[in-house]
Amino acid sequence: MLAMNYRGPFRVRAQQKPMPEIEHPEDVIVKVERACICGSDLHIYHGLVPDTRVGTTFGHEFIGEVVEKGADVNKLKIGDRILVPFNISCGRCAFCKQGLYSNCHESNPEATAAGGIFGYSHTCGGFDGGQAEYARVPYAEVGPMVIPPDIHPDDAVLLTDVFPTGYQAAEMGGIKKGDTVVVFGAGPIGIMAARCAWFFGAARVIVIDRIEYRLEFARNFSHCEAYNFESLEDPVLFIKKTTGYFGADVCIDAVGCEAAGSALQWITGRVLMMQAGSATALHWAINSVKKGGIVSIVGVYGPTDNLVPIGNVVNKGITIRADQCSVKRLLPKLIHHIREGYIEPRQIISHHIPLKEVSDAYHIFSAKLDNCIKTVLIP
Ligand SMILES: NC(=O)c1ccc[n+]([C@@H]2O[C@H](COP(=O)([O-])OP(=O)(O)OC[C@H]3O[C@@H](n4cnc5c(N)ncnc54)[C@H](O)[C@@H]3O)[C@@H](O)[C@H]2O)c1
Ligand SMILES: [Zn+2]
Ligand SMILES: [Zn+2]
């Protein structure tokens, strides 16, 4: 079968690979219909995630048709079209039982922190992902959901990560009626978080990035103010001034470990790897939020240390909330939002690219070319 194949940092190819097989009675094999490229994939593409092995296939956002199933799979039938949350969850450990599906204790034998994630290095379990013609889905009765017939396939594929993650970013911010919310990052996650902030009663939503076409997209899709930090003297000072020197009620970090904007952070975190990535957006979020405010982090960071102003967290009494999104928990609510017409997630998709052109697709998304917001690969 044709699959995306990691060859090393900044090098991916579409290549032939053996078909995945049922390895456990709870597995299914899906014939992939659509698979997205995520900002998280860029961290592995750029060589920042430990134990990313040559030959692995990325892709944790995919939908497809069940073509084979293990003996213990009863809820799914051959021919069902399913959407597959990016988290791999057993459904029965203590964490899954609390709804913390992203923190499953069973699906990733390598770690006690992150659960298993499709196509996200051996640090996250070593599962091949869905940027391929076929993919193996473990614990198939737990995460995947049959796609309701009225849900568009492009909306379905965004329900595997982007829409739930943006929603959870806003939810973790504890946004109350009348709040001012600042979102760092105008990638798919940031614009979705900004859009979802209104669902919780925000009165003012501000997005910060440095890519003009994304800021323009955010203004239209997320109905927010959007500013280029490169034309602001100091983004933190700007946010303080525009909030009467109080700071924002809620700040969301939707950038993660490859943030631009500070030479110190970039060199120590991204070039020398002396810390787990460049934490500039998180630094700004902590310094821009008001005393007693909430910082919600969905941007991805490595498992070790980062240079962040922890003293300001203490002295300002900030609450920090963070997690990988627990997709499964949010699906019923978000499908309701789509059905009611509150949001059409697929509006953020800028590119549909054949899987065989995966190398170009990564380059376009990584280099932010061709006004790229979100790319869907079609096998
Ligand atoms: N927690 C989760 O479950 C989860 C799920 C999906 C993605 N993520 C993470 O969310 C982050 C965003 O994902 P994405 O798909 O939107 O990625 P993306 O790369 O498309 O977007 C990131 C954006 O941040 C901007 N940026 C860089 N430095 C900045 C700064 N200092 N301030 C403000 N903006 C800055 C970039 O210009 C870019 O537009 C990534 O770290 C990704 O790994 C987390
Ligand atoms: Zn993703
Ligand atoms: Zn579990």
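Start by selecting ligand 1 and the shell around it: at least three residues of that shell come from each of domain 1 (2–161 + 326–378) and domain 2 (162–322). Those domain bounds come from an automatic or database domain assignment.

A word on what you have open. This is a predicted model, where local features need pLDDT of at least 70 and side-chain atom pairs count only at pLDDT 80 or more, while totals for chains, interfaces and linings use all residues. Residues are numbered from 1 along each chain as its sequence is written, and chains are lettered from A and ligands numbered from 1 in the order in which they are written.

**Stop 1: around the ligand**

Keep ligand 1 selected and show its 33 surrounding residues, of which Gly39, Ser40, Gly187, Gly256 and Val300 come nearest. Here a residue is near a molecule or strand if its C-beta atom, placed from the backbone, lies within 6 Å of it.

Which elements each supply at least two residues of this shell? They are α1, α5 (188–197), β11 (204–209) and α9. The largest share, four residues, is from α1. Helices (H or I, at least four residues) and strands (E, at least two) are DSSP runs, numbered from the N terminus.

Now colour the shell by class: you'll get 17 nonpolar, twelve polar and four charged residues. Ala, Val, Leu, Ile, Met, Phe, Trp, Tyr, Cys and Pro count as nonpolar, Asp, Glu, Lys and Arg as charged, and the others, Gly among them, as polar.

**Stop 2: where the domains meet**

Zoom out and colour domain 1 and domain 2 separately; their centres, taken over C-alpha atoms, are 25 Å apart. Between them, 20 residues of domain 1 are in contact with 21 residues of domain 2. Two residues are in contact if their C-beta atoms, placed from the backbone, lie within 7 Å.

On the domain 1 side, pick α1 (39–45) and α11 (327–339), each of which supplies at least two of the residues touching domain 2. That side has eleven nonpolar, six polar and three charged residues.

**Stop 3: α5 and its partners**

Next, select α4 (residues 162–172) together with α5. Their axes are 7 Å apart and the packing angle is about 55°. Axes are lines fitted to C-alpha atoms, for helices over the stretch in contact, and angles run from 0 to 180 degrees between N-to-C directions. The two helices are therefore oblique to each other: angles under 35 degrees count as roughly parallel, over 145 as roughly antiparallel, 65 to 115 as roughly perpendicular and the rest as oblique.

The crossing of α4 and α5 is right-handed; that is, the near helix is turned clockwise from the far one by less than a right angle, while anticlockwise would make it left-handed. Residues to click on include Phe163 and Tyr167 of α4, and Met192 and Cys196 of α5. By class, this contact has eleven nonpolar, two polar and one charged residues.

Swap α4 for α6 (residues 212–221). The axes of α5 and α6 are 10 Å apart, at an angle of about 25°, so this pair is roughly parallel. Ile191, Ala194 and Arg195 of α5 meet Phe217, Ala218 and Phe221 of α6, giving five nonpolar, no polar and one charged residues.

**Stop 4: α7 and α9**

Finish with α7 (residues 235–242) and α9 (residues 280–288), whose axes come within 9 Å and cross at roughly 25°. The crossing is right-handed. Show Pro235, Val236 and Ile239 of α7, then Trp284, Asn287 and Ser288 of α9, to see the contact.
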